[in-house]
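Visitor: Please take a close look with me at the aromatic rings and the charged side chains that go with them. I work at the bench, so a plain walk from one group of residues to the next would suit me well.

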Amino acid sequence: GSPDQESVGSGTKRSSVSSGSKSRNHKEFLYRLVDCETFTANLEDWFQSLYEKSAQMKPVFDVPFELIDLQKFDYALEGVSFQQLIRMPNAVYASTSDSAEATAYLAVEDFLHATVKGLWEAFWSQDEPMPFSVACLYKENLKFYQAENAIASGRLGSLCASGVLLKNPRHPHGKWDNLLELALLRPGIQSLVGESEQQPSLHVLGEALFYALRMLISRSLSRQNLPLSSNSAFVLLVDSQYGGVVKVEGDVNKMDFDVNNVYKCAAEWIQRHARIAVSPVDRIWNKLGNANWGDIGALQVTFATFYCIMQFAGLPKHSIEDLAADHGCRLQTRRLERQLGDTRVNGSGLFRFQQHGVSPEIVEVQDESVKLESESLKLEVGSVLWLEDSNWERGYHINQIRSNGELPYYIASPVEDPGKSLFLYVGSHPSQLEPAWEDMNLWYLVQRQTKVLTIMKQKGLSGKYLPQLSASGRIIHPGQCRRPSSGGNCDHPWCGTPILVTSPVGETVADMVSEGHFGADEAIRCCHDCLSALSTASSEGIRHGDIRPENVICVRSGESRPYFVLIGWGHAILEDRDRPAMNLHFSSTYALQEGKLCSASDAESLVYMLYFACGGAFPDLDSVEGELQWRETSWSRRLIQQKLGDVSTVLKAFADYVDSLCGTPYPMDYDIWLRRFKRSISEEDHGKEIDASV
């Protein structure tokens, strides 16, 4: 019998002869795709060519997770309890004992169970029972069994993987379309530790690709509707101490399902249509067999499991950002416990970098009158900051201190041109190995935005509605800099602090709304100018990802009429693996659901911003689910369109257009809407000449 009869044997009811035939063909294809070694053999030439083409000391595949995302996830897990009760035996493969190998399978099962249980209770629900189970895969028939039962029946040698499955009482041996992820327990993973340029061997990687492809095909044949995209699958590679993650993503419908040439077709799909990512291998279990939950090895495996749960259970009730935001509070509580005081941004918007002459962990207090001296970087109105930019020294006079709602920034003037105003952003010190959560936001504001604006400048993207990179570099601190010739920073607390300077300067939409200065004319001009900025950036595949009232400014100096500039490009999407900012009120629906942007996502965020700026009220919500429900109700009752229609008919029409486009693969037609908004501005200006730039 087919190993997948329980999974896909019943199939989907045929809506037509062709669809039924296609479904049967795909099932037959999956039925014949059972030999991992034959599949791997078809990939040998491709695998070898990848290594030959790849630059020396450079990984062949991308990583599935960026370090900044793992750091966010780490902060979110600070209050989450994981407990593995079955210890992983040390050096399993140094022993020939069957009991040691059996215990290893039991330990992997318990590790997966503890991971899923901890994530479910932390992010989804503490009250509802966990809808997942863990079992081992039997390679003879590709069905799932509890490891204890398989070991008791003498089938230990036939076990090949451990998996997390959606519970299904009707199918006690598991359904492949209910499989969240697989963990392959294989020797030799440890040999890749510390070798960043190395990747798993074809034998190990081919096995991971084989099982990932079976998971994707099974899901494509399933009758159940997954809440989120089913086009990606995760396979974990582990031994008795170390582990990594393999991610395979792609549309299996693009495969040529030739049942007479199964392995060639499968290999061709891997080569042509699959996006493969492989994480570095790192330690998961210590020598006592306990999982190092807080270290990067276990963290990246747990992060993969989080994404797998999200595919089957939908978006969590508590997002990563929600839980990670508590890190700042916990950090301050800890500082108060240790009587270190508060070194966050204070009420006047000053940054304080402290450096003590003794260890920050162990301080001997001899007398209450003894106080530790610290050096602080204070940017106050009237102070001058010096910047090293490409071996040039530039000075800036601080004129104003502002805030974007979370972090301070400054309005400054160049020392050589006091009449010119610029935005100046100060980053966090690079030596902070474990920055606070607010420092991660600061990293996006300064370092990441510097990278994005530099790329935009290199690509020739410029215009009056986009910010311009004026300067970027490192702060020049007082005294002699003893920075080593090999690079890095000296021991001065300011050394290496990044600075970003941009132009032009203006009033944010958030401030305009609070002061009652945002009317109908401003709404139409704002929409036109922001669309123009988005159109320019999208011509090179760049999307903003963080449109909100604090990231749009109105510029009034030197123009016959004010215009708007879209700033805050730190969360811009440059490539598929980038993730947008998450904001309950202003992030697009697709961003909240998928963590990605569709072609209309920036335009949708612009609609929400204009709705707010024109007096629209957002409910007081604290969950993604509540926000999505409010949006569905508001769009279906046309409340958002009506509110914008009270301001302008063209804004109402634009909202309708965005609503019809959201979540679809169709691109935004910027040109037609830029022309419509220009006509509307011309009519309101009674024929006055307006800026022709789009």
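Guide: Happy to, and a ring with a charge is a good place to start: the charged end of R214 sits over the ring of W176, 4.7 Å from the ring's centre. Please keep in mind that what you see is a predicted model.

There is another such arrangement, in which K464 places its charged end over the ring of Y563, at 4.4 Å from the centre. Stay with Y563 for a moment. This tyrosine is buried, because its relative accessible area of 9% falls under the 20% cut-off.

Now for rings that meet other rings. A pair of aromatic rings is described by the distance of the centres and the angle of the planes. The protein has 42 aromatic pairs. One of them is W46 with F61, a tilted pair with 6.4 Å from centre to centre and 50° between the planes. Its two members come from distant parts of the chain, 15 residues apart: W46 belongs to helix α4 (residues 44–53), while F61 is in the loop between α4 and α5 (67–76). Both W46 and F61 are buried.

Y563 comes back here, as it pairs with Y465 edge-to-face, with the centres 6.2 Å apart and the planes at 70°. This pair bridges 98 residues of sequence, from Y465 in the loop between α13 (437–458) and β13 (468–475) to Y563 in strand β17 (residues 563–566). Y465 is buried too, since its relative accessible area is 2%, again under 20%.

Rings also gather in a group: F65, F73, W120, F123, W124, F132, F234, F303, F306 and Y307 form one aromatic cluster. Helix α10 (residues 296–313) also holds M310, a buried residue with a relative accessible area of 10%. The C-alpha atom of M310 is 9.6 Å from that of L180, although 130 residues of chain separate them.

A tryptophan shows up at the surface as well: V384, W386 and V415 make a nonpolar patch of about 250 Å². V415 sits in the loop between β11 (408–414) and β12 (422–426) and is partly exposed, at 41% relative accessibility.

Back to the charged side chains, now with partners of opposite charge. The model has 15 salt bridges. In one of them, E207 meets R186 with the closest N and O atoms 2.5 Å apart. The two lie 21 residues apart, E207 in helix α8 (residues 202–221) and R186 in the loop between β4 (179–185) and α8. E207 counts as buried at 9% relative accessibility, as does R186 at 12%.

E540 and K459 form another salt bridge, with 3.9 Å between the closest N and O atoms. E540 is in the loop between α15 (520–538) and β16 (552–555), and K459 is in the loop between α13 and β13, so this bridge ties together parts 81 residues apart in sequence. E540 is partly exposed, with a relative accessible area of 39%, and K459 is partly exposed with 41%.

To finish with a larger set, K247, E249, R275 and K596 are linked in a network of salt bridges.

Notes
Residues are numbered from 1 along each chain as its sequence is written. This is a predicted model: local features need pLDDT of at least 70, side-chain atom pairs count only at pLDDT 80 or more; totals for chains, interfaces and linings use all residues. Side-chain values use heavy atoms; hydrogens and water are left out. Rings of Phe, Tyr and Trp (its six-membered ring) pair if their centres lie within 6.5 Å; planes under 30 degrees apart count as stacked, over 60 as edge-to-face and the rest as tilted. Helices (H or I, at least four residues) and strands (E, at least two) are DSSP runs, numbered from the N terminus. Buried means under 20% relative accessible area, exposed over 50%, partly exposed in between (1.4 Å probe, protein chains only). A charge sits over a ring if NZ of Lys or CZ of Arg is within 6 Å of the ring centre and within 35 degrees of the ring normal. Patches are made of residues with over 30% relative accessible area and no salt bridge: like charges are joined within 9 Å, nonpolar side chains (Val, Leu, Ile, Met, Phe, Trp, Tyr) within 5 Å. Accessible areas come from the Shrake-Rupley method with a 1.4 Å probe; for residues, only the protein chains shown count as cover. A salt bridge is a side-chain nitrogen of Lys or Arg within 4 Å of a carboxyl oxygen of Asp or Glu.
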